[in-house]
Amino acid sequence: MRLRSAGALLCLLAAFAASGEETKKAVKETVPVFNKTYLSNKKNIEAGRNVWQNQCRHCHGAAAYPGKAPKLNPGQLEPDFIYERVTFGFGKMPAWKDVFSAEQRKAVVAYIKSNDFSP
C-alpha cells in the first residue's frame, strides 16, 4: 500500500511541476503601443542605436551579409512586429527579453524605424 501512495504522490508532484512550467511559458510580455512621438524621439533613437551597435549589427549589420541573418527592411515592418521578434526571438534569432530591458528593446524599435537606421 505504501508503494501505491508513494507512486501517487510522485505523479501529483510531477503534474504540479509540469503545470508550473506551462504557466511560465504562458506568461507573455505585453507589446507596448508605439506612437509617432515615441518613435521620433531622438533620445529613444540614440538609445536604440547603442543597443544595435553593441549587439544587433553583428548578425543584421552590413558586415554580416550574406547569410548570418535576414537583412532588415524597416519600411515593411510594423513596430510591434519588430518588438515581438526582439523580445521573443524567432527561428535562430534568440529572445532578448532576459538580456535587454523593455525600454532598451523599445528603443531598438525606434532606431530601426528611424531615418537614421542603416543596417
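**Entry 1. A pair in α5**

In which helix do K106 and E103 lie, and how many residues apart are they? I looked this up in the model, which is a predicted one. Both residues belong to helix α5, and they are three residues apart, about one turn of the helix. I noted the general background: an α-helix has 3.6 residues a turn, so residues three or four places apart point the same way.

I then checked the contact itself. K106 and E103 form a salt bridge, with 3.2 Å between the closest N and O atoms. For exposure, I recorded K106 as buried, because its relative accessibility of 16% falls under the 20% cut-off. E103, at 48% relative accessibility, counts as partly exposed.

**Entry 2. The helix around that pair**

I next turned to α5 as a whole. This helix has twelve residues. From its first C-alpha to its last it reaches 17 Å, which is close to the 16 Å expected at 1.5 Å a residue.

Which residues of α5 are buried? I listed R105, K106, A107, V108, V109, A110, Y111 and I112. I also looked up what these buried residues pack against, and found α2 (36–40), α3 and α4 (79–88).

**Entry 3. R49 and its partners**

I moved on to α3, which spans residues 42–60. R49 and E46 both lie in this helix, three residues apart, about one turn. Their side chains meet in a salt bridge, at 3.0 Å from N to O. I recorded R49 as partly exposed at 22% relative accessibility, and E46 as partly exposed at 36%.

With which other side chain does R49 meet in a salt bridge? I found D116, at 3.1 Å from N to O. R49 lies in helix α3 and D116 in the segment after α5 (102–113), so this pair ties together parts that are 67 residues apart in sequence. D116 is partly exposed, with a relative accessible area of 31%.

**Entry 4. The tally**

How many salt bridges does the count come to? I obtained three. As general background, side chains of opposite charge can pair when their charged atoms come close.

To close, I went back over the pairs with their exposure. K106, at 16% relative accessibility, counts as buried, while its partner E103 counts as partly exposed at 48%. I then looked for shared partners: salt bridges that share partners join E46, R49 and D116 into one network.

Note on methods
Residues are numbered from 1 along each chain as its sequence is written. This is a predicted model: local features need pLDDT of at least 70, side-chain atom pairs count only at pLDDT 80 or more; totals for chains, interfaces and linings use all residues. Side-chain values use heavy atoms; hydrogens and water are left out. A salt bridge is a side-chain nitrogen of Lys or Arg within 4 Å of a carboxyl oxygen of Asp or Glu. Helices (H or I, at least four residues) and strands (E, at least two) are DSSP runs, numbered from the N terminus. Buried means under 20% relative accessible area, exposed over 50%, partly exposed in between (1.4 Å probe, protein chains only). The expected span of a helix is 1.5 Å times one less than its number of residues. Contact means heavy atoms within 4.5 Å.
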